[in-house]
Amino acid sequence: MQHDQQGDGSPMTEGGRRPHRLRMILISGGLALTLAGGGTAAYKFGLFSDIGDPVSFGKVQEKAGAAAELPPEVQMPTGPKASFIRTSRLPDGTQIGRTTLTGKKSGFTGDVWVWVPKEYDDPKYAKSGFPVLISLPGGRGYPTNYWGTGPGLGLQKAVSDGAKAGTSLPFILIMPVHNADTKHHFDASDIPGQPKMGTWMVEDIPDFTKANFRTFTSRDGWAFMGSSAGGFGAFKHVLKHPDRFKAAIASGVDIVPDSPLWQGNTQAMDADNPEKLAAKLIAAGGPDVYVNFQIGTAESGRDKAEKFMNDFGKGPVHTSLQVIQDGEHNGKSYVRGMREGSLEWISKVMKAPTPDPGAR
């Protein structure tokens with residue numbers, strides 16, 4: 001499995017909560033800086049930062065859910081609510097929060113980052129579900145997910161800008177870890193004898209999302225995106241569970257499972273092999289799924305993606321290729337490809353939130 005470059009020009013560190021007592025000491029000690037610097041120095045040095053504070057999402061939904069009957073395709077948060085801490089605040093006022101989840105079905109414990117677009121807290125969308133884009137990183141994918149810890153990559157802004165321009169739906173981004181340790185790739189699968197990373201991704205993460213956010217009841221509101229190893233998981237999950245997920249953006253991706261943890265267990269590998277899964281879906285005649293491959297011209301792998309498209313891009317398996325000029329094997333290139341076409345492509349096949357014409 002290919003590894004994403006780490007030097008892609010954006011911070012990959014995670015904002016942790018600063019202890020309250022330490023923060024008060026820093027603030028007190030920074031008053032002189034504030035006075036000397038015209039009120040700007042303390043902010044420059046982060047003394048008044050709210051990173052690490054509790055954060056909540058969906059302030060409008062409880063009132064809306066109690067006030068009126070909702071459309072049948074909308075599912076209000078089922079609970080229990082997770083506790084989030086703020087790890088980033090973006091220039092448009094949106095926030096990234098982090099929580100730790102223990103999956104009830106996989107038994108795996110890992111961190112999950114979430115981001116919701118501005119539309120989510122707009123009263124006119126309070127009775128609407130929102131489409132979900134589960135976003136998977138490349139590389140180790142543990143203990144962090146760089147789509148969540150590195151907003152400088154631009155994924156959140158690409159969605160925001162696209163929603164404003166009408167070229168992207170305002171997706172909720174759910175950004176979990178997708179490996180169980182820093183030493184192995186688990187092929188986003190339940191490898192026998194290993195942590196159940198497949199179950200974590202297709203069972204626990206959607207259950208967590210439904211517990212905390214307004215979503216759609218049908219697969220039309222559920223999709224994946226991912227890069228490198230995460231891209232493999234993204235399109236594999238859609239092919240394996242077409243009843244739950246409809247589409248994927250898979251960037252810089254390998255086509256078949258290759259973790260050494262399989263230890264030659266061909267039968268188990270076949271159950272998570274996109275080629276085998278696509279053939280099975282074609283033989284069954286559906287349901288229709290949509291896979292958009294992204295490949296940069298400065299990386300390898302285009303031949304593999306095109307071969308998959310030629311062999312399996314038929315019947316219910318719909319495929320497309322976004323070629324990123326001068327694009328490399330990293331997140332910044334893949335976000336550029338999303339801006340240049342992939343976000344618009346996936347938005348056309350997913351369900352959009354519906355505004356309430358009577359809301360103010």
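## Strand S7 and its partners

In this predicted model, Val112 has Pro176 of S7 as its bridge partner. That contact belongs to the pairing of S5 with S7, two strands that run antiparallel and are joined by 4 bridges. S6 pairs with S7 too, but here the strands run parallel, and 3 bridges join them. One place to look for this is Val132, which stands opposite Ile172 in S7.

So how much of S7 is covered? Strand S7 spans residues 172-176, and 5 of its 5 residues are buried. Ile172, Ile174 and Pro176 point one way from the strand, while Leu173 and Met175 point the other way. That fits a general pattern: in a regular strand the side chains alternate between the two faces of the sheet.

## The whole sheet

Now step back to the sheet that S7 belongs to. It is an open sheet of 10 strands with mixed pairing, and the order is S1-S3-S4-S5-S7-S6-S9-S10-S11-S12. The edges are strand S1 (54-55) and strand S12 (317-324), each of which pairs on one side only.

Over at the S12 edge, strand S11 (residues 289-296) and S12 pair in the parallel sense, with 8 bridges. Val289 has Val317 of S12 as its bridge partner. Helix H7 (residues 229-240) packs on the sheet, where it touches S6, strand S9 (222-227), strand S10 (247-251), S11 and S12. The direction of H7 makes about 155° with that of S9. Helix H10 (residues 302-312) lies across S11 and S12, and it runs at about 155° to S12.

## The nonpolar core

Which residues touch the most other members of the largest nonpolar core? They are Ile174, Phe235 and Phe293, out of 81 residues in that core. Helix H6 (residues 197-212) gives the most to this core, with 6 residues. As a general point, nonpolar side chains tend to be buried together in soluble globular proteins.

Phe235 is a good one to click on. Setting aside neighbours within four places in sequence, Phe235 is in contact with Ala248, Ala250, Val253, Asp254, Ile255, Pro274, Val291, Phe293 and Phe308. Ile174, for its part, is one of the buried residues of S7 that we met above.

Helix H5 (residues 155-165) has its own buried residues: Leu155, Gln156, Ala158, Val159, Ser160, Gly162 and Ala163. Just after H5 comes Gly166, with a positive phi of about 80°.

## Aromatic rings and charges

The model has 15 aromatic pairs. One of them joins Tyr120 and Phe130, edge-to-face, at 5.2 Å centre to centre with 65° between the planes. Both residues lie in the loop between strand S5 (109-115) and strand S6 (132-136), so the pair ties together parts that are 10 residues apart in sequence. Are these two rings buried or exposed? Tyr120 is buried at 0% relative accessibility, and Phe130 is buried at 0% as well.

Another pair is Tyr146 with Trp147: the ring centres are 5.2 Å apart and the planes stand at 70°, so this one is edge-to-face. Tyr146 is buried, with a relative accessible area of 6%, and Trp147 is buried at 1%.

Tyr120 and Phe130 also belong to an aromatic cluster, together with Phe57, Phe84, Tyr125, Phe208 and Phe213. Elsewhere, charges meet rings. The charged end of Lys210 sits over the ring of Trp222, 5.6 Å from its centre. Lys351 lies over the face of Phe216, at 5.6 Å from the ring centre.

## Backbone oddities in the loops

Two cis peptide bonds are worth finding. One runs from Tyr142 to Pro143, with omega near 5°, and Pro143 is in the loop between S6 and helix H4 (146-149). The other runs from Gly286 to Pro287, again with omega near 5°. Pro287 is in the loop between helix H9 (274-284) and S11.

Then there are positive phi values outside glycine. Ser228, in the loop between S9 and H7, has a phi of about 55°. Gln263, in the loop between S10 and helix H8 (266-270), has a phi near 50°. Where they part ways is in their surroundings: Ser228 is buried at 0% relative accessibility, whereas Gln263 is exposed, with a relative accessible area of 70%.

Technical notes:
Residues numbered from 1 in each chain as written. Heavy atoms only, no water. Phe/Tyr/Trp six-rings, centres within 6.5 Å; stacked < 30°, edge-to-face > 60°. Buried < 20%, exposed > 50% of the residue type's maximum accessible area, 1.4 Å probe, protein only. Lys NZ or Arg CZ within 6 Å of the ring centre and 35° of its normal. Core = buried A, V, L, I, M, F, W, Y, C linked by side-chain atoms within 4.5 Å. Contact = heavy atoms within 4.5 Å. Pairing = 2+ DSSP bridges. Axes fitted to C-alpha atoms, helices over the stretch in contact; angles between N-to-C directions.
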